[in-house]
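Trainee: Could you walk me through reading this model? I'd like to begin with how strands get paired up.

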Amino acid sequence: MAYTSDLLRTLDERGYVHQMTDAAALDRLAASGVVPGYIGFDPTAPSLHVGHLVSIMMLRQLQRNGHKPIVLMGGGTGKVGDPSFKDESRKLLTEDTISANVASIKRVFERFLTFGDGPTDAVMVDNADWLDKLEYIPFLRDIGQHFSVNRMLSFDSVKLRLDREQSLSFLEFNYMILQAYDFLELSRRSGCRLQMGGSDQWGNIVNGVELARRVDGTQVFGLTTPLLTNADGTKMGKTVGGAVWLNEDQLPHFDYWQFWRNTADADVGVRLRLFTDLPMDEIARLEALEGAEINEAKKILANEATAMCRGHAAADEAAETARRTFEEGSAGATLPSFAVAGGSIGIVDALIGLGFAKSKGEARRLIAGGGARVDGEKVADENVVIAVGAEPVKLSSGKKNHGLLTAG
């Protein structure tokens, strides 16, 4: 449909929209005034990763189009763990760990959103503020009556676990009720009218929309994004070294920049639309580049995405490191590094230490396949010992992963 609101028109043309509840009514609401909208983030680790970045960018687009972002930290739901499309239960975290994770995660949002007291300024809330105070029997009586177990069992997120005959605890089964209650509570407290999230959250979001209607007679809306995959069908955000973390203390600036620089040709346009603020006509020009010229588009993507998450200085530093490393052949000072004690290290252990392999077997296969190089020279012998002195040694895995071995 042709949207009249700047918000839905922007989200649609940039590729954020997968499903909506009553798109026409939401479009009218967004065209007539400020819409407070939220996304929830459970603090399961000290940092979010690029898998969360679409959600963060949706909040950014919400604000850029004149509406109010609400960042909901799951200090309460984090004690349960979202079972959606998970093969097994999440490890239960202690309250101290959850609090520490919340504090660590909060920092990244200030780079994407403007917080304050204005009508479109972002706010951050924690669902522990209301979930921790719930009394069990009153909650079951007042909220539980609106949920059908038959329907809950029909959701794909639950069916997946049950069909595989994997245990789903009663604790996890309650997660969808708690998330729905979050929407009701935010509607009451903050006038929130929109919940957004990934496509795997559709059932949970619809529950919240229906709960607000049944309990308070309030019309609220849900919007989900498509499942984001690479052009080859693999899940975006996974690398040899693991998750691509947003916090710099979890992942060096260069590694973050290089993740974007390594984008496949076919994914450049999609990522420019989703993860940068570049105008659509500029994105169209960049994604139309062919051959070696597409690499310039990838550098722009890496610079824009890194500057937004890590700051312009970090983006410039990473870009200069890449230029010296790949164009001049020197070892940039901001490459990921591994300190070597004793002056030498076996190449197998070095590959593991830099995160280029997860096990000795994987490291040996990398070497056997010709993918390991020391200072640009291919290494074929898994027994090679690398001497590390005053000058760092550059170790490479394939054409795109590089690191430094330094004296420890």
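Mentor: Sure. Two strands count as paired if DSSP finds at least two bridges between them. Keep in mind that this is a predicted model. Now take β2 and strand β5 (residues 194-198): two bridges join them, and they run parallel. One of the bridges can be placed by residue, since G37 has L194 as its partner in β5.

Trainee: What joins strand β2 (residues 36-41) to β3, and which way do they run?

Mentor: Six bridges, and the two strands run parallel. You can follow the register by residue: P36 has K68 as its bridge partner in β3, and F41 stands opposite M73. The link between these strands is worth a look too, as β2, α3 and β3 make a right-handed β-α-β unit.

Trainee: And which strand comes after β3 in the sheet order?

Mentor: That's β4. The whole open sheet has six strands in the order β1-β6-β5-β2-β3-β4, with mixed pairing. β1 and β4 stand at the edges with a single partner strand each, so each has one side without a neighbour in the sheet. At the β4 end, four bridges join β3 to β4 (residues 123-126) in parallel, and L72 stands opposite V125 there. At the β1 end, β1 and β6 pair in the antiparallel sense over two bridges, with M20 opposite L223 in β6.

Trainee: How do I read the two faces of a strand?

Mentor: The general idea is that in a regular strand the side chains alternate between the two faces of the sheet. In β3, K68, I70 and L72 point one way while P69, V71 and M73 point the other.

Trainee: Are those β3 residues buried or exposed?

Mentor: Buried, on both sides. Six of the six residues of β3 (68-73) are buried, so the strand is largely enclosed by the rest of the structure. Its neighbour β2 is mostly covered, with five of its six residues buried.

Trainee: What about helices? How do I spot a covered side?

Mentor: An α-helix has 3.6 residues a turn, so residues three or four places apart point the same way. Try that on helix α1 (residues 6-13), where the buried residues are L7, L8, T10 and L11. They cover an arc of only 160° around the axis, which puts them on the same side of α1.

Trainee: What covers the buried residues of α1?

Mentor: The cover includes β1 (19-20), α2 (23-32), α3 (53-64) and β6 (221-225). Just past the helix, have a look at G15, which follows α1 and has a positive phi, near 90°.

Trainee: How many residues of helix α12 are buried?

Mentor: Seven of the nine in α12 (residues 253-261), which makes the helix mostly covered. The buried ones are F254, Y256, W257, Q258, F259, W260 and R261.

Trainee: How should I approach a polar side chain like Q179? Is it buried or exposed?

Mentor: Check the accessible area, with under 20% as the cut-off for buried. Q179 has a relative accessible area of 7%, so it is buried. It sits in helix α10 (residues 175-190). Next, ask what Q179 meets: beyond residues up to four places away in sequence, Q179 touches Y38, Q195, Q201, N204 and I205. With Q201 there is also a polar contact of 3.3 Å between the side chains.

Trainee: Which strands form the five-strand sheet?

Mentor: That open sheet runs β9-β15-β14-β11-β12, again with mixed pairing. The edge strands are β9 (337-340) and β12 (377-378), each pairing on one side only. Four bridges join β9 to β15 (residues 401-407), and the two run parallel. One partner pair is V340 with A407 in β15.

Trainee: Now zoom out. How do I judge the overall fold?

Mentor: Start with the inventory: 18 helices and 15 strands. Then try the radius of gyration: for 408 residues a compact globule would be near 22 Å, and the chain's 24 Å agrees with that. The C-alpha atoms fill a box of roughly 70 × 50 × 40 Å along the principal axes. As for burial, 49% of the 408 residues are buried.

Trainee: What share of contacts comes from residues 24 or more positions apart?

Mentor: It's 72% of the contacts with a separation of 6 or more.

Note on methods: Residues numbered from 1 in each chain as written. Predicted model: local features only at pLDDT ≥ 70, side-chain atom pairs only at ≥ 80, totals over all residues. Heavy atoms only, no water. Buried < 20%, exposed > 50% of the residue type's maximum accessible area, 1.4 Å probe, protein only. Arc of directions from axis to C-beta. Contact = heavy atoms within 4.5 Å. Polar contact = N/O pair within 3.5 Å; in protein donor to acceptor, adjacent residues only side chain to side chain. Right-handed = clockwise from strand over helix to strand, strands pointing away. Rg over C-alpha atoms; globule rule 2.2 N^0.38 Å.
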